[in-house]
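Okay, thanks for coming, everyone. I'd like to walk you through one structure today, starting at the ligand and then moving out to the strands. Let me put it up on the screen.

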Amino acid sequence: MVGVTPESGAFGQALTGLPKPLVRQCVLLVPVALDLLVLVLWGSPGDVGLFYAGGLALFGIATALATGAALLPAVPRAVTSVLPVVDLAAIGLMTMVPDGNGMGVLAVLPAMWLAADHRMRGVGWALLATLALVSVPSLVYFGMDVAWWSRALLVPSIVGMCAITVAGTTQLWERQNHVLEEQGQRLEQAFADVVANQALNKAIVTTVDVGLVALDKDGAYKVVNPRHHEFLDLTYPDGHHGRAGEVGFSFAANRVTRLTHEELPTVRAMSGEAFSDYVVWIGEHPEERRALSVSAKPVLDAAGDFDGAVLVYQDITDLMSALRIKDDFVASVSHELRTPLTAIMGFLDLVLDEEGSVSPSARQQLLVVKRNSERLLRLVSDLLFAAQAQDGRLALDVEPVDLPLLAWQSVADLAPRAATGGVALLHELPKSLVVNADPVRIRQVVDNLLSNALKYTPAGGTVTLRIVETLDDEVALLISDTGIGIDKRELSRLFTRFFRTQDAETRAIQGVGLGLAITKSIVESHDGHIDVESRPGQGSTFTVVLPRSGPHGAAAADQGDDQLAGPVTVGS
Ligand code: ADP
C-alpha cells in the first residue's frame with residue numbers, strides 16, 4: 001500500500017502540482033497495475049473474469065474523468081466527491097475473481113479521501129459505499145461462506161477505522177491550520193505596522209529641524225539624523241569616530257570656556273542622566289559658533305536596565321543673539337541713565353546738606369525726589385547688573401571675608417525696616433567664619449534675600465538668618481521667613497529674570513523680579529548654589545551654599561569659626 005497522509009490528495013497536489021482527483025487516481029493506479037501485472041505474468045486468461053475487466057474499465061473511466069477535470073480551470077466539487085465512489089465500485093468488481101484477491105483492502109484509499117473531503121459525513125458515505133459496492137457484490141459472487149464473513153467484517157471495519165482516523169486528523173489539522181493562518185495574518189499585520197512605523201520614524205527623524213542622536217549602551221552612535229551631521233561637522237572639523245565622549249570644539253554657555261569630557265552632553269547622557277535645556281556652543285571659529293540647547297533621556301531595556309540614550313539638539317543661535325542684543329541694549333540704556341541720575345542725586349544732596357537753602361516744605365518735597373531717585377538708581381543698577389551677569393561678564397573681587405560679620409551688618413542695616421514692618425528679624429551666627437568671596441557681591445546676596453523675606457512677610461511674622469558650616473568644607477546661609485510662601489508650580493521659574501509670583505502681583509507688593517536672578521548669578525559665579533523650600537501661606541527658606549575656598553578653589557581662607565553663644569536678636 002502507498003503511504004498517504006490524511007490529505008494524501010492535497011499532499012500529492014502540493015508535490016506534483018496536479019489537481020487532487022488526478023493525483024488520487026494515480027495513487028490508486030499503482031496497486032491496480034501491480035495486481036494486473038501479477039495476473040498477466042502468472043495467471044491464466046480464465047482468472048481475469050468479466051467482473052474484473054468491468055472493474056478495470058470503470059477504473060479507467062474514473063481516471064479519464066479525473067484527467068478531463070484536471071484540464072478545467074477549477075475541478076468541480078462533484079467530480080472530487082463522485083470519483084472515490086466510482087473507485088469503490090471498480091474495486092468491488094475487481095475483487096470478483098474466481099480464486100479471490102486482496103483488492104478489497106484498496107477500498108481504504110477512496111474511503112480515506114471521502115473522509116478527508118467530508119469529515120464524518122464522508123465516513124458514513126465511505127462505509128455505505130463499501131458495504132454496497134464491495135461487500136454485497138462479493139456476497140453475491142462468493143456466497144456466504146466463512147471466508148466471506150471474514151472479508152465482510154474485515155474490509156468495512158478497516159475502512160471505517162481508517163476513515164474515522166483521517167476525518168479526525170483532518171479536522172484537527174484544519175483547526176491548527178486555521179489557527180496558524182490567523183497567527184500568520186496577525187504577524188503580517190504586525191510586520192506591516194512595524195514597517196509603516198519605521199518609515200514614519202525615518203521620515204520624522206530626517207525631516208525635523210533638530211539634531212537627533214541615539215546612543216547604544218556602549219556609547220556608539222546608533223542613529224544620527226542629517227541635521228545633527230551638520231552639528232558634528234562644526235564640532236569635529238577633523239571627523240568624528242561615532243562614539244560618545246569625543247572632545248571637540250564644544251563650549252559652555254558663556255561661549256568661551258571649553259567643555260571638559262565630563263561636561264559633554266553625550267557623556268552626561270551616558271551616565272544615565274536626564275536633562276533639558278543644556279546650552280552649549282559649538283564651532284572652531286568664534287564668529288561661526290552655534291548655540292545648541294541639548295536635552296537627553298536614558299533608554300531602558302525590558303528589564304529596566306540602561307540601554308543607551310537619546311539626545312536632541314536644538315539650534316538656538318538666533319534666540320541667543322536676540323537675547324544678547326536685548327541685554328546689550330538694557331546694559332547700555334541703564335549705563336546711560338546712571339550718569340545723569342548720579343548727578344541729580346549729588347546735587348540734591350548738596351541742596352539738602354546746606355542748612356536753610358530751601359524752605360521746610362520744599363525740603364520735604366526734595367526728600368521725596370531723593371527717595372525716588374534712589375529707587376530709580378537701584379533699579380537701573382539691577383538692570384545693568386543682570387545684563388552683565390547673564391552674559392557671564394560678572395567680575396569678582398575675591399578676598400577672605402568674615403561671613404558672619406558681613407551678614408550681621410546686613411541685618412543691622414535692615415533692622416529699622418523690619419521694625420517698621422512689624423517683623424522680627426533674628427539671626428544665629430558663628431562668631432567668625434572666613435570664606436573666600438567677593439564681599440560686595442555676597443553682601444548683595446544677603447541684602448536681596450533678607451529684604452525679600454521682610455517684603456513678603458506680613459506684620460507679626462519672623463525672619464531668621466543663620467549661617468552654618470556644612471560637610472565638604474562648605475558654608476550655608478539660610479534665610480527663613482514665615483511669610484506668604486510660594487506655590488510649588490512657580491518654584492522652578494523663581495530665579496528667572498522678571499519673574500514674579502501670582503501672589504506677589506495680586507498683593508501689589510512692589511518689585512520687578514530681578515533680585516533673585518542676580519542673587520543666583522552671584523552665587524553661581526562663586527561656584528555655589530542656591531535652593532528654596534516654600535509652602536504657600538507658611539513661609540520660605542532660601543539656602544545659599546558657598547565653598548569656603550572660594551570660586552575655582554581660590555586661595556584657602558582663614559579658618560577662625562568660633563560659634564557665638566546662642567542666637568542673637570536684632571530688631572523685633
Ligand atoms: P522682586 O523684586 O519681585 O522681589 P525677586 O527676583 O527678588 O524680585 O523675587 C522674584 C519673586 O519671587 C518675587 O516677585 C516674589 O514673587 C517671589 N519671592 C521672592 N522671595 C520671596 C519670599 N521670601 N517669600 C515669598 N515670595 C518670594
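So, straight to the ligand: one of its oxygen atoms is 2.7 Å from an N or O atom in the side chain of Asn452. I'm calling that a polar contact, meaning a pair of N or O atoms within 3.5 Å; within protein, one must be able to donate a hydrogen and the other to accept it, and residues adjacent in sequence count only if both atoms are side-chain atoms. Lys455 also has a polar side-chain atom 3.0 Å from a ligand oxygen, and Asp481 puts one 2.9 Å from a ligand nitrogen. How much of the ligand does the protein bury? On its own the ligand exposes 520 Å², and 97% of that is buried by the protein. Those areas are Shrake-Rupley with a 1.4 Å probe, and for residues, only the protein chains shown count as cover.

Before I go on, a quick word on what you're looking at. This is a predicted model, where local features need pLDDT of at least 70 and side-chain atom pairs count only at pLDDT 80 or more, while totals for chains, interfaces and linings use all residues. Residues are numbered from 1 along each chain as its sequence is written, and side-chain values use heavy atoms, leaving out hydrogens and water.

Back to the ligand. Which residues come closest? There are 21 around it, and the closest are Asn452, Tyr456, Arg500, Thr501 and Leu516; near here means a heavy atom within 4 Å. By type, that shell splits into 11 nonpolar, 7 polar and 3 charged residues. Nonpolar is Ala, Val, Leu, Ile, Met, Phe, Trp, Tyr, Cys and Pro, charged is Asp, Glu, Lys and Arg, and the others, Gly among them, are polar.

And where does the shell come from? Helix 12 (439–455), helix 14 (515–525) and strand 13 (539–547) each give at least two residues, with helix 12 supplying the largest share, 3 residues. Helices (H or I, at least four residues) and strands (E, at least two) are DSSP runs, numbered from the N terminus.

Now the strands. Two strands pair if DSSP finds at least two bridges between them. Strand 8 (residues 424–428) runs parallel to strand 10 (residues 462–470), joined by 5 bridges, and Ala424 has Thr462 as its bridge partner there. Strand 10 then pairs antiparallel with strand 11 (residues 474–481) over 8 bridges, with Ile467 partnered by Leu477. Their hairpin has 3 residues between the strands, and Asp472 takes a positive phi near 60° in it.

Elsewhere there's an open sheet of 6 strands, paired antiparallel in the order 2-1-6-5-4-3. Its edges are strand 2 (221–224) and strand 3 (250–251), each pairing on one side only. Strand 1 (residues 211–215) makes 3 antiparallel bridges with strand 2, and Val213 stands opposite Val224. At the other edge, Ser250 has Ile282 of strand 4 as its bridge partner, and Ile282 also stands opposite Arg290 in strand 5.
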